[in-house]
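This report sets out the computed structural features of a protein chain for use in modelling work. The sequence and structure are shown first.

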Amino acid sequence: MKSSTTTGFASAVLLVLLCGSTVAFSLNDNYKTIIDTLAWTGDLSEIYSIIERNQIANTTIHLRSVTVFAPHNEAFLKITKQDNDDEYLPCYHITNVPMKLEQLGKSVFSELDGNPPIWITKKSPEEIYVNQAKVVYSLANYEHNNTFGKPQVLHVIDQVLQPLRMKKNSPQNVYNPNAWEFMQNAEYLDLDSYHTNTFLQRVQNLDKKGVFSNQGGHTFFIPVDEVANYPKVKPEKIDVKVIDAHIVPDNVLFLGPTNEDEQFKTLAFTDMLKVFSSLSKAAEGDKTKYYVSSDTVVGDDVHPTGAVVAEIVKANIPVRNGVVHLISRPLMIVDNNVKQFIEQSYKDREDSALHRFYEEIMNSGGDFLEKLTAMPNVTLFAPSNAAFNDQSIQSYLLNRTYIRSLLDLHIVNRRLSIDDIVAESIDTRFQVQTEVPRKDLFFNVVTNGKNRTLTLEGGGVNATVVQANLAATNGIIHIIDHVLGIPSSTVDRKLATDPTLNETNYLGQVSSLNDQLGDVQKRFTYFVPRDLAWRRLATDNPSVYKKLFMPEYSQVARAILERHLIIADKAFTMDDFRKEANNNNNLSVRLPVVRDVSMYVKIKDSVEGYSIEWRDEWIHVHRSDVRCTNGIIHVIDKVLIDQNDIDGSGAIATKSISALVLVMAQCLVFYYFN
C-alpha cells in the first residue's frame, strides 16, 4: 500500500511539472536556449543529464543546429536502465537539422555512430510518432537559437527512443545495419539472448537476402530459433513464399502508431497468393503482449488459407531500411490440426488465450479433442480465458455433463473463414448448423472502414470474434469473447444487443414494456418478431406499420407486443410446447400470453425447425430457445397482428387489460404446463 501511494504521489508531481512546462511553451514566455530549457525544466532533467554526460551530444547541442526529441522523466521510469545508456541514448535523440513537426519526412538521421535513422509516422497533424514514441503535441515545436546563433528545435516525446545496441565487449562493431546485415551480425547485437540462425540459413539457402537489403522503409518479422512453449517448426517448411510473408514492404510499422488488426499486404501478396499481416495485443496480467498475424486469404496446395499468429518477443528494433520485430515462430506455416493447435500451443501456457478452454475440455472428459481430430474440415469457435472467467457463468461450469454438451455448440462441420462468412452474409444473415441438433450459429458482420467485426449468436449468447482465421491442417479456429449456450443477459439486454431484433426492442423501449424484462425474479417466454417480420408488415400494411412506430401509438404497440409475451414462474422451450401439443393429440396449445389469455396455436416440428400456426397461418420460428438469465426468447418470422387490431376507419384498435386478467394468465400457466 505504501509503495502504491508513493508511486501515485510521484505521478501526480510529474503531471504538475509537465503541465507547468506546457503552459510555459504554449505561451512562448520561455526565452532560454534548448540546452538551458532542458536544464531548467524539472520534468526534462533525465534527458538533460545524459546529454550533459555525453561529450559528443553535449558538444553538438552547444555548437550546431539540432532537433532534440526529449523524453520526459516519466518515460525514463518505464524503461530498465542499462550500463551503456549514456553511450547510446543521448545522440540517438538528436538530429543535426532543425525541423518543426510539419517539416519532418519519413525519417531523420540521428547523431549516433553510423547515423541510424529515426522513423517518423504521421497519423494526423497532431498525432505524430518518432519510432515508438508519441510526440507530446502541446510541448513540440519549441524553437530557439543557441549561443552561436544556430537554430534549434525541441519536441517532447512520451517514450525513450531505443536504438540497436552492440553486445557488451563485442569483438566487432556494426553501425546502422539494414535488415540483412542485422541477421548476418545478430551474434554481435544485444538481442536479449535471442538467436535467428535457422531463419538466416533458410534466407541464404533460398537466395532471398536481397529482399532484406532493399532500400526504403519496410517492416521485417524475423523468427527466433526457439521460444519456450512454442512448437518448433521444421526448417524445410520455410520456403520462398513463407520468407516473403515476413516482410511488409513500404510500411515502417512500429507497435505504438500502428492500428490494431489493420491488414497490410506482405511481399507474398501476388496474383496467385494473397497474404496479409496485422498486429494485435492482449493484456496478460499486468503486462501487454503483442502479436503478429499472417492471414492467407487466398492460398495454394502448399499454403492453406487461414491465419498464423506469433508473439513479438522483442519489438521496435530500428534498422537502416525500416524496423525489425523478433517473433516466436515463423509465419504462414500450418503444421498442426485443430487438436494439436490447442494441445501443443496452449495447454502448458497459463497466459495463453485458450488455456481455460483446454482445461474445460479435459474436465469434461477430453473426448471433444478426439472429435475435432476426426473431422476433416472443421471450424471451432473457441472461448477465450476471459470468457470462462466471467463470474456470471461459474455455477454452470460445475455441471460437467452440461458443459460437454455445450462444447459441441462451438463446432461447425465445415471450414469457415471470415471471408467465407462475409460472402455468405451479403444478401441475408448467414446461419450454419452446429454439432448440436437444431442449434445454429447466426452471424453478423459489421464493417467500419478497413476494420471488420464478426459477431455470432449461439444458444442465446452473443459473442464477438476477437482473433480470427487461426489456421490448422483440418480447419480454422476463431477465438470468441463469450461461452456460447450459457446465458449471461436478461431478456431486455438480449433485445438491446441483438442486431436482428432492433424493431421489437425499439417498440418495447418507447412503450416501457422492456422495463419489466430485466426483472430476474420473473420468468419470461417471449415470441419476438425479428426485423424481417416488421419489414413484411411494412409491405403488407404500411399504414399500420407507420402508426405503430409513432410515439402517440406507443401503448398500442405495447398491447400488440404483449400478445407475444408469457410471464410465469418458468420459461418454456419450444419442446415444452411440442410435448403439450402431443399430450393434446396434436391439437392447439393455449399460450397464456399477457394480452390474450385464450390465444391458441398449433406446433409443428420438422427438419427446418419449429413452426407455430396462428390465425390459420404457419409462422416459422427462426430461432428457438434463445436462453436468457430470466427467460427464453423464440424469434419468429411474423408479427402476431390481425384485423381485430384495426377498427373500421383504419386506425389501430386496442383492448384494455386488467390486473385480474394478468393474474388469470399466470393461473392458466400453472394449469396447462404443470
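The sections below go from the overall fold to pockets, cores, selected elements and single residues.

## Basis of the values

The structure is a predicted model, in which local features need pLDDT of at least 70, side-chain atom pairs count only at pLDDT 80 or more, and totals for chains, interfaces and linings use all residues. Residues are numbered from 1 along each chain as its sequence is written, and side-chain values use heavy atoms, with hydrogens and water left out.

## Overall composition

The protein contains 23 helices and 29 strands; these are DSSP runs, numbered from the N terminus, with helices (H or I) of at least four residues and strands (E) of at least two. Of its 674 residues, 52% are buried. Here, buried denotes under 20% relative accessible area, exposed over 50%, and partly exposed the range in between, with a 1.4 Å probe and protein chains only.

Contacts (heavy atoms within 4.5 Å) often link distant parts of the sequence: among those between residues at least 6 apart, 64% join residues at least 24 apart. The exposed surface amounts to about 30600 Å², and carbon and sulfur atoms supply 49% of that area. Accessible areas were obtained by the Shrake-Rupley method with a 1.4 Å probe; for residues, only the protein chains shown count as cover.

## The largest pocket

The largest pocket holds about 1200 Å³ of space. It is lined by 34 residues, of which Lys78, Gln162, Lys314, Ala315 and Asn316 are the closest to its centre. On a 1 Å grid over the protein atoms alone, a pocket is an open set of points with protein on both sides within 12 Å along at least five of seven lines, a cavity is a set where a 1.4 Å probe fits but cannot get out, and lining residues have an atom within 4 Å of a point. Grid points are joined across faces, edges and corners, and a volume is the space filled by probe spheres set on the points.

Strands β13 (287-298) and β14 (306-319) each contribute at least two lining residues, and β14 gives the most, with eight. By class, the lining comprises 16 nonpolar, eight polar and ten charged residues. In this scheme Ala, Val, Leu, Ile, Met, Phe, Trp, Tyr, Cys and Pro are nonpolar, Asp, Glu, Lys and Arg are charged, and the others, Gly among them, are polar.

## Cavities

Two cavities of 30 Å³ or more are present. The second largest has a volume of about 40 Å³ and is lined by Ala387, Asp390, Ile393, Val461, His482, Val483, Ile486 and Ser488. That lining divides into five nonpolar residues, two polar and one charged.

## Nonpolar cores

A nonpolar core is a set of buried Ala, Val, Leu, Ile, Met, Phe, Trp, Tyr and Cys residues joined through side-chain atoms within 4.5 Å. The largest has 75 residues, and those touching the most other members are Leu38, Val68, Phe182, Met183, Phe212, Val324 and Leu326. Apart from residues up to four places away in sequence, Met183 touches Thr196, Phe199, Leu200, Val203, Phe212 and Ile222. A second, separate core of 47 residues includes Leu372, Met375, Ile393 and Ile411.

## Two helices

Helix α6 (residues 85-92) is mostly covered, as six of its eight residues are buried: Asp85, Tyr88, Leu89, Pro90, Cys91 and Tyr92. They pack against α3 (45-53), α4 (55-63), α5 (73-77), β2 (94-95), β4 (117-124) and β14.

In helix α18 (residues 502-510), the buried residues are Glu503, Thr504, Asn505, Leu507 and Gly508. Their packing partners are α17 (491-497), β23 (523-529), α19 (531-540), α20 (542-548) and α21 (554-562). Ser512, which follows α18, has a positive phi near 70°.

## Individual residues

Asn141 and Asn469 are non-glycine residues with positive phi, near 65° for Asn141 and about 65° for Asn469. Asn141 lies in the loop between β6 (133-134) and β7 (142-145) and is partly exposed, at 22% relative accessible area. Asn469 belongs to strand β21 (residues 461-472) and is buried, at 4%.

Thr473 is in the loop between β21 and β22 (475-480) and counts as partly exposed at 45% relative accessibility. Its C-alpha atom is separated by 6.3 Å from that of Asp335, 138 residues away along the chain. Beyond its neighbours within four places in sequence, Thr473 contacts Val334, Asp335, Asn336, Asn337 and Arg415.
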